[in-house]
Amino acid sequence: MTVRGVFLLIRRMRRCFTRRDALHILMRSWRVSLETRWVLDGFFSMPRNAIDTTRTAETTAIDSIEIAVAHEGDLDGILELQAANQISAGGMLSASFSRSQLQRIMKEMPLLVARRSRSIVGFLVCSTPDVMADVPIVRATLDAYPTRAPDAYVYGPICIDAQERGRGLARLLFEELKRLRPGREGVLFIRRDNDASIKAHRKMGIKEVSSFSYGGIEHVVLSYVG
Ligand SMILES: CC(C)(COP(=O)(O)OP(=O)(O)OC[C@H]1O[C@@H](n2cnc3c(N)ncnc32)[C@H](O)[C@@H]1OP(=O)(O)O)[C@@H](O)C(=O)NCCC(=O)NCCS
């Protein structure tokens with residue numbers, strides 16, 4: 001299809017969808033690569049006069065990122081990034097998984113990583129409620145949202161290296177997860193004081209569905225369908 005054809009198709013679809021949603025539907029059905037999607041997405045959601053000036057550096061940075069399902073060799077990098085982002089180390093991650101827990105998790109659901117030059121610069125854990133049943137904060141999340149789908153899975157934690165934040169990597173991981181688990185509901189919790197995470201997930205279109213208090217700290221429960 002020609003470029004003009006794509007624009008005409010998007011214009012027609014816009015009678016039912018926003019321009020950005022129409023583009024996403026087309027890209028998904030054509031299996032466009034994640035990096036291309038990100039660039040096109042930026043193009044369509046940005047005022048035209050800003051395209052050439054602001055996206056170039058970010059796009060180059062994102063181009064050298066690889067989003068993939070983790071393998072055994074990625075675990076050291078994931079554990080290192082996780083340790084650097086624990087609350088005890090000044091970060092925002094309340095959960096901490098051991099190597100054997102991660103090995104168990106990755107057998108059931110995709111454990112996604114963002115790599116730059118083979119280094120792990122981001123990860124997204126997701127798991128079945130069964131595997132997480134003994135984690136009290138996950139239990140509290142699920143109890144606070146009993147109307148979830150029977151096959152809903154638990155999303156999170158997600159973590160991006162501090163040097164790589166604000167470039168849309170969290171969104172790339174999320175898009176890949178939705179591609180791998182289409183039509184499934186994902187449920188997550190975020191501390192109410194974690195502004196960056198709440199903003200990033202709202203921007204991805206994830207909706208708040210409930211809330212709960214755990215250890216005296218307010219948390220929100222969010223959900224999406226892939
Ligand atoms: C939350 C996190 C995963 C977001 O990842 P990211 O790749 O930086 O997210 P994005 O680049 O997609 O950012 C999207 C939006 O998040 C918001 N955001 C990002 N960093 C922010 C910050 N430091 N403060 C406030 N908002 C922020 C912005 O609204 C941003 O959109 P904008 O750039 O158009 O303003 C990342 O900040 C992180 O790893 N934090 C530490 C661990 C953590 O809190 N994990 C989540 C546990 S629930």
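Is Ile62 buried or exposed?

1. Ile62 is buried. A residue counts as buried when 20 or more other C-beta atoms lie within 10 Å of its own. Ile62 has 22 such atoms within 10 Å, so it passes that cut-off. Bear in mind that this is a predicted model.

2. Where does Ile62 sit? Look in helix H4, which covers residues 51–63. Then find Glu164. Along the chain, Ile62 and Glu164 are 102 residues apart. In space, 9.5 Å separates their C-alpha atoms.

3. Turn next to helix H5, residues 75–84. Its buried residues are Leu75, Ile78, Leu81 and Gln82. They line one face of the helix, because they fall within an arc of 130° when H5 is viewed down its axis.

4. What do the buried residues of H5 pack against? Their partners include one helix, H6 (99–108). Strands E2 (112–116), E3 (119–127) and E4 are partners as well.

5. Now the ligand. A shell of 24 residues surrounds it. The closest are Met92, Arg165, Ala170, Ala196 and Ala200. By type, the shell holds 11 nonpolar, seven polar and six charged residues.

6. Which element gives the most to this shell? Helix H10 does, with six residues. H10 spans 195–203. Strand E4 (153–160) and helix H9 (169–180) also supply at least two residues each. Note that E4 appears twice in this review: the buried residues of H5 pack against E4, and E4 supplies part of the shell around the ligand.

Notes
Residues numbered from 1 in each chain as written. Predicted model: local features only at pLDDT ≥ 70, side-chain atom pairs only at ≥ 80, totals over all residues. Near = placed C-beta within 6 Å. Helix = DSSP H or I, 4+ residues; strand = E, 2+ residues; numbered from the N terminus. Nonpolar A, V, L, I, M, F, W, Y, C, P; charged D, E, K, R; others polar. Buried ≥ 20, exposed ≤ 12 C-beta atoms within 10 Å, placed from the backbone. Arc of directions from axis to C-beta. Contact = placed C-beta atoms within 7 Å.
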